[in-house]
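I'm opening a fresh notebook page for a structure I haven't looked at before. Here is what I pulled up, entry by entry.

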Amino acid sequence: MQEIYLRKGKDASIRRKHPWIFSGAIGSDTSSIEDGSLVRVCTNQQEVLAIGHFQKGSIAVRILRFSGEEIDQRFWNQRIQAAWKLRMDLGLLTKDNTIFRLVHGEGDLLPGLVIDFYGGVCVVQCHSIGMLQCILEIVDALKEVIGSKLKAIYHKSKGSLPRSVETQDGYLYGSIDMPFYAYENQVRYSIDWILGQKTGFFIDQRENRKLLGQLSKGKKILNAFCYSGGFSLEALMNGASDVYSLDSSEKAIALTEANVSLNTFEGKHVSVIADAMDYLKELPLPFDIIVLDPPAFAKHLDKKHKAVQGYKRLNAHALRQIKPGGILFTFSCSQVIDKMLFTNTVISAAIESKRQVRILYQMHQPMDHPIGAFHPEGEYLKGLVLYVE
Ligand code: SAH
């Protein structure tokens, strides 16, 4: 295993167990190290601090273990076992809920790895070349840990790695005939990890959907940026009188409609294919509740300013249009827009809308998307429930 040496004084963050080494902290020549290989991270005094995956770029090493001990099959089994145990302890696998995130990267001490669980099917997504090279060990660990509850493992890393990396999506264990159904909060969903966005479903909104459900009875609801309709289904399940699901993508609306009919809610549901910003300027009816869950407006720091303006405009439109006594669920999943900035942006949208607005609740990512205490960058999803006079 090759070694990299940190510059003098650059060991503080790794000693605090932050899982990334930035390229600027490295003092030795890394030009001969191949992307994806395991490296030992040492101080300039030759003390071994950690082992991680190397990859050229701003984050040069993603730490797997804060010691020099080898990374073997036992390591993968233990980490995946710990992740599985946490989800079982959280009560996430029941008759009514068979969808959860099993591994959430740094939050499960496995930087660069995401594994989502859909009723016995694991969808594995590698965000680093090092993780991609460990895929067979990961597959073996999943088989060992999940045992007879495992139906299939689908590998889907194409969209999450640099384009130059050669990788093939496909089954690495078992295979599944589509359509495939799984449950979240008692609602039945058809999940398609092959053709769907990300791993097939936005698992991170489970608790926030439940909260919407609690407020939905008898309400007229607009679910903007609906994708496969999670918020819509939860609202319908809990007695909403009318739900409008809006997305600019025809495919997303088709997924939503499939899920609506799977749960036999057709009579109370309307689909809209439109740009959310345009639609919000002139609504066909007053809504009691509006949900705004847009895609990340800023994927990088350099887009932050524009993203803030986008969130402000979107929220101002919704706040102007919502019925008096209405409730707005508004989210941002841009990691670079932190909680404070998002709240301030929504507050300035409220000022612009000239409505009286109160914050009823602050939302975030659920417990199967843990944030490493030493890795605040792991926090990405934030949302507000607003009461609009
Ligand atoms: N709320 C969803 C996840 C949203 S993902 C859920 O709970 O599952 C973001 C969605 O926004 C995608 O489906 C994408 O097609 C849609 N989208 C992106 N830009 C849009 C726009 N300008 N207007 C409407 N929908 C848009």
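The entries below go through spaces, salt bridges, backbone oddities and a surface patch.

**Entry 1: what I have**

I noted before anything else that this is a predicted model.

**Entry 2: the cavity**

I started with enclosed space. How many cavities of 30 Å³ or more does the structure hold? I found one. I looked up the volume of the largest cavity and got about 40 Å³.

Next I listed the lining. Lys339, Phe342, Thr343, Gln362, Met363, Lys382, Gly383 and Leu384 line the largest cavity. I wanted to know where they sit: α10 (339-353), β18 (357-364) and β19 (382-388) each give at least two residues to this lining. By class, I wrote down three nonpolar, three polar and two charged residues.

**Entry 3: the second largest pocket**

Then I turned to open space. The second largest pocket comes out at about 220 Å³. I copied its lining in two lots. One lot is Glu207, Asn208, Lys210, Leu211 and Gln214. The other is Tyr361, Gln362, Met363, His364, Gln365, Pro366 and Met367.

Which element supplies the largest share of this lining? I checked, and it's α5, with five residues. Both α5 and β18 contribute at least two residues each. The classes here are five nonpolar, five polar and two charged.

I also spotted names I'd already written down. Gln362 and Met363 are in the lining of the largest cavity, and Gln362 and Met363 are in the lining of the second largest pocket too.

**Entry 4: salt bridges**

I searched the whole structure for salt bridges and got 20. I looked at a few of them one by one.

Glutamate 184 and arginine 209 pair up through their side chains, at 2.9 Å from N to O. This pair links distant parts of the chain, with glutamate 184 in strand β11 (residues 181-184) and arginine 209 in helix α5, 25 residues apart. Are they buried or exposed? Both glutamate 184 and arginine 209 turned out to be buried.

Aspartate 278 and lysine 281 make another salt bridge, at 3.8 Å from N to O. I placed both in helix α8 (residues 276-281), three residues apart, which is about one turn of the helix. Aspartate 278 has 49% relative accessibility, so I marked it partly exposed. Lysine 281 goes down as partly exposed as well, because its relative accessible area is 46%.

Arginine 358 and glutamate 389 form a salt bridge too, at 2.6 Å from N to O. Here I again had distant parts of the chain linked: arginine 358 is in strand β18, glutamate 389 is in the segment after β19, and they are 31 residues apart. Arginine 358 is partly exposed because its relative accessible area is 45%. For glutamate 389 I read 38%, so that one is partly exposed. I also came across a network: Arg206, Glu207, Lys210 and Asp368 are joined by salt bridges that share partners. Glu207 and Lys210 rang a bell, since I'd listed them in the lining of the second largest pocket.

**Entry 5: backbone oddities**

I went looking for unusual backbone angles. Where is there a cis peptide bond? I found one joining methionine 178 and proline 179, with omega at about 0 degrees. Proline 179 belongs to the loop between β10 (170-173) and β11.

I then noted two residues with positive phi that aren't glycine. Lysine 17 has a phi of about 70 degrees. I found lysine 17 in the loop between α1 (12-15) and β2 (20-22), and its 43% relative accessibility is why I call it partly exposed.

Phenylalanine 225 has a phi of about 65 degrees. Its place is the loop between β13 (220-224) and α6 (230-237). Why did I not write it down as buried? Phenylalanine 225 has 21% relative accessibility, and buried means under 20%, so it counts as partly exposed.

**Entry 6: a nonpolar patch**

I finished on the surface. Met178, Ile194 and Leu195 form a nonpolar patch there, with about 280 Å² of accessible area together. Met178 was already in my notes from the cis peptide bond. I traced isoleucine 194 to the loop between β12 (187-190) and α5 (206-214). Isoleucine 194 is partly exposed because its relative accessibility is 37%.

Methods: Residues numbered from 1 in each chain as written. Predicted model: local features only at pLDDT ≥ 70, side-chain atom pairs only at ≥ 80, totals over all residues. Heavy atoms only, no water. Patch = residues over 30% accessible without salt bridge, like charges linked within 9 Å, V, L, I, M, F, W, Y side chains within 5 Å. Areas by Shrake-Rupley, 256 points an atom, 1.4 Å probe, with all protein chains shown as cover. Salt bridge = Lys/Arg side-chain N within 4 Å of Asp/Glu carboxyl O. Helix = DSSP H or I, 4+ residues; strand = E, 2+ residues; numbered from the N terminus. Buried < 20%, exposed > 50% of the residue type's maximum accessible area, 1.4 Å probe, protein only. 1 Å grid on protein atoms, 1.4 Å probe; cavity = no way out; pocket = protein on both sides within 12 Å on 5 of 7 lines; lining within 4 Å. Points joined across faces, edges and corners; volume = space filled by probe spheres on them. Nonpolar A, V, L, I, M, F, W, Y, C, P; charged D, E, K, R; others polar.
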